[in-house]
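The following exercises concern the packing of a helix within a protein model. Each task is followed by a solution in steps.

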Amino acid sequence: MASNGEGKRTLGDRISGLGDRIRGSEAWESLFRPGSPFRKGYSDSPRNRSYVIMNNLLYHLHPVKVKRHGVRLSYTLCLGGLSFFLFIVLTITGIFLMFYYTPSAEQAYPDIAALSTDIAFGQLVRNLHRWGAHLMVITVFLHMTRVFYHGAYKPPREFNWVVGVILLFLTLLLSFTGYLLPWDQLALWAVTVGTNMGGYTPVFGEQVSFVLLGGIQVGAPTLLRFYVLHVLALPFLIVIFMAVHFWRVRKDGGISGPL
């Protein structure tokens with residue numbers, strides 16, 4: 001029994017020594033630099049503090065030290081973060097809805113009706129998607145209003161303000177293109193009014209109307225174009241501009257306050 005116990009301790013020591021050698025190897029050091037959740041006990045040096053910022057996504061989005069106004073509880077706290085959270089919710093619910101939706105003039109409305117009656121949790125997910133879209137428009141608008149009220153569009157944040165304005169327009173376009181997808185009378189006439197307004201754009205009015213409609217009036221080509229814009233083109237652009245927006249928030253010193 002004593003030999004077996006000694007053998008187990010030896011095996012444990014070997015495993016422990018192997019772990020120490022792996023953690024001390026160059027490969028481990030290069031993969032799990034300071035800032036990684038698997039790395040602990042590193043020294044506090046300027047180089048390691050830089051590694052913490054570069055290797056941790058959350059620390060990269062927000063600096064290790066934040067200004068007092070950035071964490072002070074207020075009515076407008078984290079409206080940008082709430083907008084991002086709603087975008088994630090819309091992405092998840094939108095992927096679910098794509099499994100049961102066909103972007104054709106004959107099948108779109110029956111698919112939407114089937115979501116309410118035949119698909120488990122279909123009505124719940126659709127309502128989450130719809131109300132989430134409304135809330136995202138409101139939170140993005142309130143976020144922009146807060147930034148403008150605090151004067152955070154001034155240097156050095158003027159570039160990020162322009163990116164924010166582009167994100168606001170992309171959010172409105174995302175909501176507008178999704179409005180047609182139920183393919184009911186409300187959607188048809190609402191998009192007809194919207195595309196007619198686009199037709200009055202100076203100089204390029206007719207081209208804008210044709211690009212949106214795919215013809216002279218709302219039809220099957222319009223539904224397909226709005227579907228592609230809604231599920232692919234606009235989300236892709238929003239993700240890119242969100243990444244630039246977050247990067248500039250980090251580079252400009254964190255969450256803006258009164259300037």
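**Exercise 1.** In this predicted model, determine which residues of helix 7 (residues 108–117) are buried and how they are arranged about the helix axis.

*Solution.* Step 1: apply the cut-off for burial, under 20% relative accessible area. In helix 7, Ala108, Asp111, Ile112, Ala114 and Leu115 are buried. Step 2: view helix 7 down its axis; the buried residues fall within an arc of 160°, so they line one face of the helix. Step 3: identify the partners of these buried residues, which pack against helix 6 (79–98), helix 8 (122–149) and helix 12 (220–251).

**Exercise 2.** Describe the packing of helix 7 against helix 8.

*Solution.* Step 1: two packed helices are described by the angle between their axes and the distance between the axes. Step 2: the axes of helix 7 and helix 8 cross at roughly 115° and come within 6 Å. Step 3: helix 7 is therefore roughly perpendicular to helix 8. Step 4: helix 7 contributes Ile112, Leu115 and Ser116 to the contact, and helix 8 contributes Gly122, Gln123 and Arg126. Step 5: sorted by class, this contact has two nonpolar, three polar and one charged residues.

**Exercise 3.** Place these helices in the context of the protein as a whole: how many helices and strands does it have, and what percentage of its residues counts as buried?

*Solution.* Step 1: the protein has 12 helices and zero strands. Step 2: of its 259 residues, 32% count as buried. Step 3: among contacts between residues at least 6 apart in sequence, 65% join residues at least 24 apart. Step 4: the protein exposes about 17200 Å², of which carbon and sulfur atoms supply 69%.

Terms used: Residues numbered from 1 in each chain as written. Predicted model: local features only at pLDDT ≥ 70, side-chain atom pairs only at ≥ 80, totals over all residues. Heavy atoms only, no water. Buried < 20%, exposed > 50% of the residue type's maximum accessible area, 1.4 Å probe, protein only. Helix = DSSP H or I, 4+ residues; strand = E, 2+ residues; numbered from the N terminus. Arc of directions from axis to C-beta. Contact = heavy atoms within 4.5 Å. Areas by Shrake-Rupley, 256 points an atom, 1.4 Å probe, with all protein chains shown as cover. Axes fitted to C-alpha atoms, helices over the stretch in contact; angles between N-to-C directions. Parallel < 35°, antiparallel > 145°, perpendicular 65-115°, else oblique. Nonpolar A, V, L, I, M, F, W, Y, C, P; charged D, E, K, R; others polar.
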